[in-house]
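Me: I'm new to reading protein structures and the vocabulary keeps tripping me up. Could you walk me through this one and show how each word gets earned?

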Amino acid sequence: MVGKAAGNWRFKDKVLNDLVEVVTLNINSVSYSRAVSSLMTLSHFIREECDLTGTKIGCDRGECGCCSVLVDGKPILACLVLAKFVQDAEITTIEGISVDGQLTPIQESMVENGAIQCGFCTPSMVLNATHLLNTHKAPSKNQIKKCVSGTICRCTGYTKIEKAIEKVVEGRE
Ligand code: FES
Ligand code: FES
């Protein structure tokens, strides 16, 4: 029995080793090449291989939204994408959103309007709002509500975040 169990483990180790491959990702304009499991998700690659811990992992199955990052400018749930499948893309995490240390308009607005919440939901809220504001000059209230609804917060809420987005839009008019 002991021999059989050991054999099973050796087989498992071999399978896992066979699955390791070099994955190269461009994140926040930096190239990261790492030998990882070919089954590693983008969220785990970002956090564990690049130490970019602003991207959070909550449910790890596409429900909470806190792992959102921008891939070629579009928000995606990083826990649902294998890292190896986005090797040709430009990936932006919360660490890469500001330029030269300057807050973006939505970051400033969130600070000014008391919309900075916990570290789990805020990065995703910022990235999703960034995409909305980049793709819509004057998003409607419904579009703003839909934007923030992708990230679950059951403790504080969405009102101030919606207001922060609205203030950026007002500033454009
Ligand atoms: S961790 Fe990705 S959606 Fe929850
Ligand atoms: S999940 Fe961040 S404040 Fe509720």
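**How the words are earned**

Reply: Let's begin with a helix on a sheet: helix α2 (residues 42–49) lies across β1 (20–27), β2 and β3, and runs at about 110 degrees to β2. This is a predicted model, where local features need pLDDT of at least 70, side-chain atom pairs count only at pLDDT 80 or more, and totals for chains, interfaces and linings use all residues. Residues are numbered from 1 along each chain as its sequence is written, while chains are lettered from A and ligands numbered from 1 in the order in which they are written.

Me: What makes something a helix or a strand here, and how many helices and strands are there in the chain?

Reply: Both are DSSP runs, numbered from the N terminus: helices are H or I with at least four residues, strands are E with at least two. On that basis the chain has 6 helices and 5 strands. Read from the N terminus on, the elements go α-β-β-α-β-β-β-α-α-α-α.

Me: Which residues of α2 are buried, and what does "buried" mean?

Reply: A residue is buried if 20 or more other C-beta atoms (placed from the backbone) lie within 10 Å of its own, exposed if 12 or fewer, and partly exposed in between. In α2, the buried residues are L42, S43, H44, F45 and I46, and they pack against β1, β2 and β3. Across the 173 residues of the chain, 33% count as buried.

Me: Why is S68 called buried?

Reply: S68 has 27 C-beta neighbours inside 10 Å, so S68 counts as buried. S68 sits in strand β3. Leaving aside neighbours within four places in sequence, S68 is in contact (C-beta atoms within 7 Å) with P75, L77, S124, L127, N128 and T151.

Me: Why is N28 called partly exposed?

Reply: N28 has 17 C-beta neighbours inside 10 Å, so N28 falls in the partly exposed class. N28 is in the loop between β1 and β2. D60 gets the label partly exposed too, because 14 other C-beta atoms lie within 10 Å. D60 is found in the loop between α2 and β3.

Me: What makes the phi of N28 worth pointing out?

Reply: Most residues other than glycine have a negative phi. N28 is not a glycine, yet its phi is positive, about 55 degrees. D60 is also a residue other than glycine, with a positive phi near 65 degrees. Just after α2, D51 takes a positive phi of about 60 degrees.

Me: How do you know which strands are the edge strands of the sheet?

Reply: Two strands pair if DSSP finds at least two bridges between them. The 5 strands form an open sheet in the order β2-β1-β5-β3-β4, with mixed pairing. The edge strands are β2 (30–37) and β4 (74–77), since each pairs on one side only. From one strand to the next, the twist averages 45 degrees.

Me: How do you know that β3 and β4 pair?

Reply: Strand β3 (residues 68–71) is joined to β4 by 4 bridges, set against the minimum of two. The two strands run antiparallel, and V71 stands opposite K74 in β4.

Me: Why are α3 and α6 called oblique to each other?

Reply: Angles run from 0 to 180 degrees between N-to-C directions, and axes are lines fitted to C-alpha atoms, for helices over the stretch in contact. Under 35 degrees counts as roughly parallel, over 145 as roughly antiparallel, 65 to 115 as roughly perpendicular, and the rest as oblique. The axes of α3 (residues 105–112) and α6 (residues 159–172) come within 8 Å and cross at roughly 130 degrees. That's why α3 and α6 are oblique to each other.

Me: What residues do α4 and α6 bring together, and how do they divide into nonpolar, polar and charged?

Reply: M125, A129, L132 and L133 in α4 meet I161, I165 and V168 in α6. The contact divides into 7 nonpolar, no polar and no charged residues. Here Ala, Val, Leu, Ile, Met, Phe, Trp, Tyr, Cys and Pro count as nonpolar, Asp, Glu, Lys and Arg as charged, and the others, Gly among them, as polar. These two helices pack at an angle of about 30 degrees, with axes 11 Å apart.

Note on methods: Two residues are in contact if their C-beta atoms, placed from the backbone, lie within 7 Å.
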